[in-house]
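Work through the exercises below with the sequence and the coordinates open. Try each task before reading its solution.

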Amino acid sequence: MEVSSRVRKISPSLTLALDSKAKAMAQKGEDVVNFTSGEPDFDTPEHIRAAAMGSLDANFTRYTPSSGIPELKLAICEKLKKDNSLEYSPEQINVSCGAKHACINVILATVDPGDEVIIPAPYWVSYPEMVKIAGADPIIVQTQAENGYKITPKEFEEAMTPKTKMIIINTPSNPTGSVYSKEELEALAHVALEEDILILSDEIYEKLIYDDLTHYSIASFSKEIYNLTFTVNGFSKTYAMTGWRLGYSASPPWAAKQIISLQSHMTSNATSFAQKGALAAYKGPQDCVESMVEEYKKRREYIIKTLSSIAKISYAKPQGAFYVYINVARTGMSSTDFAQRLLEEEKVAVVPGIAFGDDQSIRLSYATNMERIKTGLERFRRFIERL
Ligand SMILES: Cc1ncc(COP(=O)(O)O)c(C=O)c1O
């Protein structure tokens, strides 16, 4: 007996694998500094937890409409209008079990076997696997550090074939922390429009942005680009709600119903009381987000300052998310060897870039407290200096 060809093609998440190894070492009592985490180290804000607990106490524990409770869908529409200049009606919103779920819903609902999906590398680990699950082919485009690891219109055009159905854009980016400017997004939108290429715009790190930069939603540029774009967002990163599993897609009218229908046969609704928590997240005070961003800013400043004094490495200054992407090619090691040795010799866990389609770099997450960051970076420096 064999498992399906669909799952034979996919690889396990490399980021989760390293995180598990680091956690196993820590459980054995080893003093590991874990920089692999893709989740905020903060607790979910109190008013969000209270809203979910209150709804549990009120027995809000039954199935909800598959695409989400009406009041949350409305709150999402209001948020998209206020923050992103995007006009959606609740029928276009599908609340899912995380942004990850929202991404695969969109891909499964729009991409056919044999289609090609352009994915700029370094990419978030799950995109190529999701495309493969849909039976389509991921077309990986290596972006350049000198372009801030952002795909250029020329690279986009060159990767296009008659089979191209979609491009995935992630801004701010995991793993590089790059943020696309309005002009850069407009130029990509222009190319997508010429050939009617769909856009999956993953905006999960939207609020984690620094240096007074502004996040732009590509769907907001024109009616035509809105009609080609699926905007994905969620609660995990902004509100430290990773375990709640809540995200959503906002789709053009021609595809919204099918996305909802697809989810209705797979998971049905996202957890009922978690949706009440998400509602409180959007409707409640936002100072909790601001204070988390302030803390990320401090950590980022510290890391950048420290890294700039370490030889043999280079990095792109991250403008968003909570990652620093470090090129280690000058050490002569592959990203995997580097990460492996760093963990074994200095008990510092990072994610090798190979997980993101680039074997020259490693990703360090600063979703960990300042004290651990300081210890981890001292060990990191010692490791590099010893090489
Ligand atoms: C770029 C990107 N998109 C989506 C997700 C998934 O987020 P969620 O926890 O909402 O499923 C992640 C999580 O790491 C991510 O980094």
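Four exercises follow, on a predicted model.

**Exercise 1. The annotated span**

Task: Find which residues the UniProt domain annotation covers, and describe that span.

Solution:
- Start with the record. The unreviewed UniProt entry carries the annotation "domain: Aminotransferase class I/classII large", and places it on residues 31–379.
- Next, take the ends. The end C-alpha atoms of residues 31–379 are 12 Å apart.
- Last, take the secondary structure. Helix makes up 40% of the span and strand 16%.

**Exercise 2. The ligand shell**

Task: Work out which residues come nearest to the ligand, what classes its shell holds, and how much of its area the protein covers.

Solution:
- Collect the shell. There are 13 residues around the ligand, and A99, D202, S236, K237 and R245 come nearest.
- Sort by class. The shell has 5 nonpolar, 4 polar and 4 charged residues.
- List polar contacts, with a cut-off of 3.5 Å between N or O atoms. The backbone of K100 offers an N or O atom 2.9 Å from a ligand oxygen. S236 uses its side chain: a polar atom there lies 2.7 Å from an oxygen of the ligand. K237 also uses its side chain, with an N or O atom 2.7 Å from a ligand oxygen.
- Finish with the area. On its own the ligand has 400 Å² of accessible area, and the protein covers 93% of that.

**Exercise 3. Two cysteines**

Task: Count the disulfides, then decide whether C97 and C103 are buried or partly exposed.

Solution:
- Recall the bond. A disulfide covalently joins the sulfur atoms of two cysteines.
- Apply the cut-off: the sulfur atoms must lie within 2.5 Å. The structure holds 0 disulfides.
- Check C97. Its nearest cysteine sulfur belongs to C103, 13 Å away, and C97 is in no disulfide.
- Check C103. The nearest cysteine sulfur is that of C97, again at 13 Å, and C103 is in no disulfide.
- Compare accessibility. Buried means under 20%. C97 has 23% relative accessibility, so C97 counts as partly exposed. C103 has 0%, so C103 counts as buried.

**Exercise 4. Placing A134**

Task: Locate A134, decide whether A134 is buried or exposed, and find how far its C-alpha atom is from that of S314.

Solution:
- Locate the residue. A134 sits in the loop between helix 6 (126–133) and strand 4 (137–142).
- Test burial. The relative accessible area of A134 is 10%, so A134 is buried.
- Go to S314, 180 residues from A134 along the chain. The two C-alpha atoms are separated by 36 Å.

Technical notes: Residues numbered from 1 in each chain as written. Predicted model: local features only at pLDDT ≥ 70, side-chain atom pairs only at ≥ 80, totals over all residues. Heavy atoms only, no water. UniProt positions renumbered as here; feature names shortened; annotations may be inferred. Helix = DSSP H or I, 4+ residues; strand = E, 2+ residues; numbered from the N terminus. Near = heavy atom within 4 Å. Polar contact = N/O pair within 3.5 Å; in protein donor to acceptor, adjacent residues only side chain to side chain. Areas by Shrake-Rupley, 256 points an atom, 1.4 Å probe, with all protein chains shown as cover. Nonpolar A, V, L, I, M, F, W, Y, C, P; charged D, E, K, R; others polar. Buried < 20%, exposed > 50% of the residue type's maximum accessible area, 1.4 Å probe, protein only.
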